[in-house]
Amino acid sequence: MALGLFGLSALSANADESLSDDSNNPALKNDMGVVFGPKDQDQLAAAKDYSQWVNELYRYLVASDDSFAIAMTLAARLSSAQNASLIVNINQDESAQDKLQNLSYQPIADALNLLLTQDNLTPEAMNILSGLCFNEKLKDYCHANVLIEKRLQLDSENLQSYLQSFALASEANNQQAMAKLIALMANSQFSHTVLFITPEMNQMIDQFMANNPVPESFIESMIRDYQQLSGLSPAAKTQLPQLMPAYMPHYVKYSFGFLNEFPPYRPVLNYCKSNRIKVDQCSKIAQIMIQKSNSMIDKALGHSLLIATYEVQGDNQGVAAANKMNDQFRASYECLQDLAKAEYFMDDYFDSQYHKIQQQANDEYSRLIAMAEYRYQKFSAQGHKGMTNPTTCLNSQM
């Protein structure tokens, strides 16, 4: 499949907008066909060439002593298997389905467990390994206790480090462990998750690609696919032969950008909704998630948790104030999201400044603001009329 993970995310963004208006949207149907439809012999050959190239990249990354790059490679291998299963199910390829049913995930689990024994693990690597360890395909093989203990040692100030432990304690109904973990989370300093690859991994990929260019057959296949997508302007489509080679490093790097799974937040929310005695600690956790997190899901759930802390006390005034804060946050986020919507949103993918913002932003909300500001300045300079200044989105937060 030529579009890969970055293409799937783009399609998802288009689908979210289109489905809300018309489930039979012709553009969406077209894009779905391009991404998920059967491929001809040339496309299959190109995909095979790229698969071999990617395997070489994975071997290169695994051969390094960078724990994050190795963890990301394991996550990429797991994701590839799961995406392959999705595609063959959509295309009802019974032969491929039979092969995938017999696929063993033991090698990935073995590599994960071996990595856990190393002394050079980083907090970022542990973040990725946590998602892997508790994945449905790997959880029966992963040495979860080793992972949890090491992550708490490496990243004790990060609220994220406690979520899997709390979920296990909740599943076992271990009230003592849950109370202890809630106290530790309340004393954490921030809540950070991995948003993109590290600068070190970024450099490794650049070095590999300098010596091992992406196969021309795959680039040509991508051009062919992108020329059929509704999210790309006619002008950009005519320039794809010139644009695509320079775009490939970003394409490869972004393929690692959607591999970090969401941790289990629900047990914490449920606990705080039913434990009035822990309301102060739950309120502190909510504030950390709102003010000191780097992901939108953390901020959104932090607002939900804050509302719950007032509800459990029966504090109607507090509930109203927390709901107002949540409404302001949602309004600013949706406003910024709307500014990013465009008929030809995929044109941004070939903009170097777009990629710079994506890679350098410290958190998702700041990135969203920076991208909205950039688009406003860029299109205003080009003479586009009716552009909305992103500061109007932020006024409701002030």
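## Helix α12 and Ile219

Helices, given here as DSSP runs of H or I with at least four residues (strands are E runs of at least two), are numbered from the N terminus. By that rule Ile219 sits in helix α12, which covers residues 216-226. The model is a predicted one, in which local features need pLDDT of at least 70 and side-chain atom pairs count only at pLDDT 80 or more, while totals for chains, interfaces and linings use all residues. Residues are numbered from 1 along each chain as its sequence is written, and side-chain values use heavy atoms, with hydrogens and water left out.

With a relative accessible area of 7%, Ile219 is buried, a word that stands for under 20%, with exposed meaning over 50% and partly exposed what lies in between (1.4 Å probe, protein chains only). Once residues up to four places away in sequence are set aside, Ile219 touches Val214, Met244 and Met248, where contact means heavy atoms within 4.5 Å. Although Ile219 and Tyr50 are 169 residues apart along the chain, their C-alpha atoms are separated by 9.1 Å.

## The nonpolar cores

The largest nonpolar core has 69 residues, of which Leu129, Met201, Tyr226, Met244, Val252 and Phe256 touch the most other members; such a core is a set of buried Ala, Val, Leu, Ile, Met, Phe, Trp, Tyr and Cys residues joined through side-chain atoms within 4.5 Å. Helix α4, residues 67-90, supplies the largest share of this core, with 10 residues. Apart from it lies another core of 27 residues, which includes Leu163, Met178, Met185 and Leu305.

Val252 shows which parts of the chain meet at one of these core residues: leaving aside its neighbours within four places in sequence, Val252 is in contact with Tyr50, Trp53, Leu57, Ile205, Met209 and Val214. Val214 is also touched by Ile219 of helix α12.

## Buried residues in α7 and α9

Helix α7 is largely enclosed by the rest of the structure, because nine of its 11 residues are buried. The buried residues of α7 are Ala125, Met126, Asn127, Ile128, Leu129, Ser130, Gly131, Leu132 and Cys133, and Leu129 has already appeared among the residues that touch the most other members of the largest core.

Ser165 belongs to helix α9, residues 163-171, and is buried at a relative accessible area of 11%. Beyond the residues up to four places away in sequence, Ser165 touches Ile148, Leu152 and Leu181.

## Aromatic pairs and a cluster

The structure holds 15 aromatic pairs, counted where rings of Phe, Tyr and Trp (its six-membered ring) have centres within 6.5 Å, with planes under 30 degrees apart called stacked, over 60 edge-to-face and the rest tilted. Phe196 and Tyr254 form a tilted pair, since their ring centres lie 5.3 Å apart with the planes at 55 degrees. This pair links distant parts of the chain, 58 residues apart, as Phe196 is in the loop between α10 (175-186) and α11 (199-211), while Tyr254 is in helix α14, residues 240-254. Both Phe196 and Tyr254 are buried.

Another tilted pair, Phe329 with Tyr365, has 6.0 Å from centre to centre and 45 degrees between the planes. It too joins distant parts of the chain, with Phe329 in helix α18 (residues 316-340) and Tyr365 in helix α20 (residues 364-381), 36 residues apart. Phe329 is buried at 6% relative accessibility, and Tyr365 is buried at 12%. Elsewhere, Tyr50, Trp53, Tyr60, Phe208, Phe218, Tyr226, Tyr247, Tyr251 and Phe350 form one aromatic cluster, and two of these residues, Tyr50 and Trp53, are contacts of Val252.
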